[in-house]
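Subject: A structure to look at

Hi,

Here is the structure I promised to pass on. Have a look at it first, and then read on for my notes.

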Amino acid sequence: LRRNPVQGHVFFQVAERKDAFVKPLEAVRQQAAEQVRAQKGAQAAQETGQAALPTLKSGEDFKAFAARHTLFLKQAEFSAADANLGELGANRDFQRVALGLTPERSFGISVAEGKVYLLHLRKRAMPTGTEADKQRRAAAQAVEQELQQYYMNTELDRLKSAYHVELLVPELVTSA
């Protein structure tokens with residue numbers, strides 16, 4: 001039994017069991033070569049990026065470097081509260097590096113899942129006025145909901161351990 005946030009409680013059952021084995025080299029040669037190529041490519045990309053960091057001074061230097069190395073440039077806007085970064089998904093290292101950039105140190109490198117990201121801080125904006133208040137209220141509401149869920153789960157766990165519950169007609173139980 002596992003709790004899945006999307007599907008609710010999910011039961012797993014072992015359907016088939018296979019003993020461990022080693023595939024012959026010929027069967028995995030191409031896959032291994034692709035993995036080695038990808039690893040070496042990522043390592044070379046990281047070394048190139050690290051070497052370029054001291055030479056990059058402005059956004060124009062960044063664009064020229066990208067053109068010289070045929071890199072894909074993409075602009076993104078996010079905040080520290082964003083857990084998901086669009087196409088990148090939940091990439092904590094990228095977020096840590098990006099949020100650590102300052103106008104004085106506006107370039108950085110993030111490596112995740114075999115991909116190397118060269119980052120450039122264009123501008124940093126802090127919310128003001130009603131926008132800041134709205135974000136504070138949303139953050140406070142999210143924390144309050146998380147605490148409510150935590151206390152609800154704790155109480156449910158306590159009740160489950162104290163009492164035996166048997167569902168006679170599980171179809172009647174609906175999620176609220």
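Is R29 buried, partly exposed or exposed? R29 counts as partly exposed, because its relative accessibility is 41%, and partly exposed covers the range between under 20% for buried and over 50% for exposed. Before you read further, please keep in mind that this is a predicted model.

**Helix α1 and its salt bridge**

R29 is a good place to start, since its side chain meets that of E26 in a salt bridge, with 2.7 Å from N to O. Both residues belong to helix α1, where they sit three residues apart, about one turn of the helix. The partner, E26, is exposed, because its relative accessible area is 60% and the exposed class begins over 50%.

The helix itself is worth following from end to end. α1 runs over residues 25-52, which makes 28 residues. From its first C-alpha to its last it reaches 39 Å, close to the 40 Å expected at 1.5 Å a residue. Along the way you will find a kink of about 30 degrees, centred on Q31. Farther along the helix, A42, G49 and A52 are buried. The cover over the buried residues of α1 includes α2 (59-68), and β3 and β4 also contribute to it.

**Helix α3 against the strands**

The strands β3 and β4 come up again with helix α3, which spans residues 92-100. There, F94, Q95, V97 and A98 are buried. These buried residues of α3 pack against β3 (107-112) and β4 (115-120). If you colour β3 and β4 in your viewer, you can see them beside buried residues of α3 and also among what covers the buried residues of α1.

**Two salt bridges in helix α4**

How many salt bridges does the structure hold? There are three, and the pair in α1 described above is one of them. Another joins D133 to R136, with the closest N and O atoms 2.8 Å apart. These two residues lie in helix α4, three residues apart, about one turn of the helix. D133 counts as partly exposed, because its relative accessibility is 34%, whereas R136 is exposed, with a relative accessible area of 55%.

E155 and R158 form a salt bridge as well, and their closest N and O atoms are 2.6 Å apart. They are separated by about one helical turn, because they stand three residues apart in α4. E155 is partly exposed at 36% relative accessibility, and R158 is partly exposed too, with a relative accessible area of 44%.

**A nonpolar patch on the surface**

Which residues form the nonpolar patch on the surface? They are M152, L156, L159, Y163 and V165, and together they have about 500 Å² of accessible area. Y163 lies in the segment after α4, a helix that covers residues 129-162. Y163 counts as exposed because its relative accessibility is 54%, and the cut-off for exposed is over 50%.

L159 also gives a handy distance to try out in the viewer. Q149 and L159 are 10 residues apart in sequence and 15 Å apart in space, C-alpha to C-alpha. Q149 is found in helix α4 and is partly exposed, with a relative accessible area of 44%.

**Two loop residues**

Two residues in loops round off the picture. Q13 is found in the loop between β2 (8-10) and α1. Is Q13 buried or exposed? Q13 is exposed, because its relative accessible area is 77%. Q13 and L1 are 12 residues apart in sequence, and their C-alpha atoms are 9.3 Å apart in space.

The other one is T70, in the loop between α2 and α3. T70 counts as exposed because its relative accessibility is 70%. Its C-alpha atom is separated by 19 Å from that of K57, with the two positions 13 residues apart along the chain when counted as their separation.

Happy exploring, and write back whenever you like.

Best wishes

Notes:
Residues are numbered from 1 along each chain as its sequence is written. This is a predicted model: local features need pLDDT of at least 70, side-chain atom pairs count only at pLDDT 80 or more; totals for chains, interfaces and linings use all residues. Side-chain values use heavy atoms; hydrogens and water are left out. Patches are made of residues with over 30% relative accessible area and no salt bridge: like charges are joined within 9 Å, nonpolar side chains (Val, Leu, Ile, Met, Phe, Trp, Tyr) within 5 Å. Accessible areas come from the Shrake-Rupley method with a 1.4 Å probe; for residues, only the protein chains shown count as cover. A salt bridge is a side-chain nitrogen of Lys or Arg within 4 Å of a carboxyl oxygen of Asp or Glu. Helices (H or I, at least four residues) and strands (E, at least two) are DSSP runs, numbered from the N terminus. Buried means under 20% relative accessible area, exposed over 50%, partly exposed in between (1.4 Å probe, protein chains only). Contact means heavy atoms within 4.5 Å. The expected span of a helix is 1.5 Å times one less than its number of residues. The bend at a residue is the angle between axes fitted to the seven residues ending there and the seven starting there.
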